[in-house]
Amino acid sequence: LALVCLGTMVMSGYKIVSRLCTIVMPVMLFLFSLLYGNALYHQQIYDEYRVNMLLNDLSKMECLDRNRIKNIQLRGNGGFSPAIKDSIENYGVLKRLVPIRIQEGLFYSEVYFLIFSDLLNYFKYVSSIGKSRYAIDDSAMNIYIDNSFHTIKVDDNNVVVIVKEQDNKEQ
């Protein structure tokens, strides 16, 4: 569509405007592609960091046993990387394009969480996709780890991981 508009402008005698558009459009697309690529890179690094911290905490659990598989459920949202939060706020389209890999309710997030680790040998994942309520009730569960990134609650048969979104706004 843009090429048709430019062609029409060229044919109708707007040579200066068409040349300016021909130069400015590719530069803008190139700059946006750099911004988008940078946002994807930083989000991937941030998600891997968060998953590694979570897996490190899960691997420290004394109750892990290959013979007794526990149910695990992921809740919450890891949020965007602090490195790209300003870009996300300034360019709303990035919010839709950059995926958050650690969040409940997305099949991709659940697969990413399980494949990234060796959790399949210890846990059976209980999905929250399409459910109005959580399948695992965590009201009577003991808190195993609670830090600024996530909370891990455990009981005899279940583990609930509540991922917290980081708020890095300066006050």
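Which residue in E2 is the bridge partner of Ile 72? Keep that question in mind while setting up the view; the model on screen is a predicted one.

**The sheet**

Start by selecting the strands. Five of them, in the order E2-E1-E5-E4-E3, make up an open sheet with mixed pairing. At its edges lie strand E2 (123–125) and strand E3 (142–146), each of which pairs on one side only. From one strand to the next, the twist averages 25°. Strands of a sheet pair through backbone hydrogen bonds, either parallel or antiparallel.

**From E2 to E1 to E5**

Select E2 together with strand E1 (70–76). These two pair in the parallel sense, over 3 bridges. Here the opening question is settled: Ile 72 has Tyr 125 in E2 as its bridge partner.

Now add strand E5 (158–163). E1 and E5 run parallel and are joined by 6 bridges. On this side, find Asn 71, which stands opposite Asn 158 in E5. Colour E1 by accessibility next: 6 of its 7 residues are buried, so the strand counts as mostly covered.

**The E3–E4 hairpin**

Move to the other end of the sheet and select E3 with strand E4 (residues 150–154). The two strands run antiparallel, with 4 bridges between them, and a hairpin of 3 residues connects E3 to E4. Two pairs are worth labelling. Ile 145 has Ile 152 in E4 as its bridge partner, while Ile 143 is matched with Lys 153 in E4.

**The largest core**

Keep Ile 152 selected and add Leu 58, Ile 72, Leu 74, Val 159 and Val 161; these six have the most contacts inside the largest nonpolar core, which has 17 residues. At least two residues of this core come from each of helix H2 (15–59), E1, E2, E4 and E5. H2 supplies the largest share, 4 residues. In soluble globular proteins, nonpolar side chains tend to be buried together.

Centre on Val 159 and show its neighbours, leaving out residues up to four places away in sequence. What does Val 159 touch? Its contacts include Leu 58, Met 61, Phe 123, Ile 136, Met 141 and Ile 152. Also among them are Lys 70, Asn 71, Ile 72 and Gln 73, as well as Lys 153 and Val 154.

**The second core**

For the last stop, clear the selection and pick Ala 39, Phe 80, Ile 88 and Val 98. They are among the 7 residues of a second nonpolar core, separate from the one just visited.

Methods
Residues are numbered from 1 along each chain as its sequence is written. This is a predicted model: local features need pLDDT of at least 70, side-chain atom pairs count only at pLDDT 80 or more; totals for chains, interfaces and linings use all residues. Side-chain values use heavy atoms; hydrogens and water are left out. Two strands pair if DSSP finds at least two bridges between them. Axes are lines fitted to C-alpha atoms, for helices over the stretch in contact, and angles run from 0 to 180 degrees between N-to-C directions. A nonpolar core is a set of buried Ala, Val, Leu, Ile, Met, Phe, Trp, Tyr and Cys residues joined through side-chain atoms within 4.5 Å. Buried means under 20% relative accessible area, exposed over 50%, partly exposed in between (1.4 Å probe, protein chains only). Contact means heavy atoms within 4.5 Å.
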